[in-house]
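This report describes one protein chain for a reader working at the bench. Its topics are the cysteines, the overall fold, the charged pairs and the aromatic side chains.

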Amino acid sequence: AANGGEGEMDVDMKKEIACREALLNIGWALFALDIQRTLLAVCNRVLGDTSTSKQKRLSRVKALGHLGRIWLKKGTELSSSPTVNTIDMEELNKSILAARVAKRNKELGIECEEEDVVQALKEQSSFE
């Protein structure tokens with residue numbers, strides 16, 4: 001019976017991980033959409049400002065183009081850099097699992113720190 005409980009926990013954990021990953025992806029997509037909407041609104045406002053001269057608006061277009069090239073260059077540099085900070089889902093999942101295990105152990109009266117669980121998970125090569 002104990003083994004079946006562990007199997008159910010594995011299935012529940014995998015479902016929780018899949019949901020967490022889906023939520024992060026949705027959150028990122030919403031964040032990107034918000035940035036795009038904001039950028040579009042700013043560009044429309046700055047470039048469509050009829051209270052300024054046509055020359056001034058043309059100057060703004062050139063400035064935005066220059067800014068865009070800088071962003072593109074920087075983004076390309078960052079995407080090719082191995083030092084870019086990205087979300088490591090495996091590490092995130094291990095940390096969450098470690099917190100859950102430490103909490104469960106505490107409820108069962110087992111002395112175990114979260115850091116010990118994290119270290120054990122790092123040492124366990126078969127963890128998925």
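C43 is partly exposed in this predicted model, with a relative accessible area of 22%. That value lies just outside the buried class, because buried means under 20% relative accessible area. C19 is likewise partly exposed, at 48%, and exposed would require over 50%. Zero disulfides are found when the whole structure is searched.

**Overall architecture**

The chain contains four helices and zero strands. Read from the N terminus, the order of its elements is α-α-α-α. Helix α1 covers residues 2-47, helix α2 covers residues 54-80, and helix α3 covers residues 89-107. The chain has 128 residues, and 10% of them count as buried. The area exposed by the chain is about 10700 Å², of which carbon and sulfur atoms supply 59%. Among contacts with a separation of 6 or more, 44% join residues that are 24 or more positions apart.

**Salt bridges**

How many salt bridges does the structure hold? The count is two. Side chains of opposite charge can pair when their charged atoms come close. The two pairs are set out below, with the N to O distance and the relative accessible area of each partner.

| Pair | N to O distance | Accessibility of the acid | Accessibility of the arginine |
|---|---|---|---|
| E16 and R20 | 3.0 Å | E16, 29% | R20, 14% |
| D49 and R60 | 3.5 Å | D49, 22% | R60, 21% |

The pair of E16 and R20 lies within helix α1, where the partners are four residues apart and so separated by about one helical turn. Their side chains meet at 3.0 Å, N to O. Is R20 buried or exposed? R20 counts as buried, because its relative accessibility is 14% and the limit for that class is under 20%. E16 is partly exposed, at 29%.

The closest N and O atoms of R60 and D49 are 3.5 Å apart. R60 belongs to helix α2, whereas D49 is in the loop between α1 and α2, so this salt bridge ties together parts that are 11 residues apart in sequence. Both partners are partly exposed: R60 has a relative accessible area of 21%, and D49 has one of 22%.

**A contact between helix α3 and E16**

E16 also takes part in a contact with R100, a residue of helix α3. Which residues does R100 touch, not counting those up to four places away in sequence? They are M13 and E16. R100 is partly exposed, with a relative accessible area of 35%.

**Aromatic side chains**

The structure has one aromatic pair. W28 and F31 form this pair, with 5.5 Å from centre to centre and 45° between the planes, an arrangement classed as tilted. Both residues lie in helix α1, three residues apart, which is about one turn of the helix. W28 counts as exposed, because its relative accessibility of 61% is over the 50% limit for that class. F31, by contrast, is partly exposed, with a relative accessible area of 44%.

Definitions and conventions:
Residues are numbered from 1 along each chain as its sequence is written. This is a predicted model: local features need pLDDT of at least 70, side-chain atom pairs count only at pLDDT 80 or more; totals for chains, interfaces and linings use all residues. Side-chain values use heavy atoms; hydrogens and water are left out. A disulfide is a pair of cysteine sulfur atoms within 2.5 Å. Buried means under 20% relative accessible area, exposed over 50%, partly exposed in between (1.4 Å probe, protein chains only). Helices (H or I, at least four residues) and strands (E, at least two) are DSSP runs, numbered from the N terminus. Contact means heavy atoms within 4.5 Å. Accessible areas come from the Shrake-Rupley method with a 1.4 Å probe; for residues, only the protein chains shown count as cover. Rings of Phe, Tyr and Trp (its six-membered ring) pair if their centres lie within 6.5 Å; planes under 30 degrees apart count as stacked, over 60 as edge-to-face and the rest as tilted. A salt bridge is a side-chain nitrogen of Lys or Arg within 4 Å of a carboxyl oxygen of Asp or Glu.
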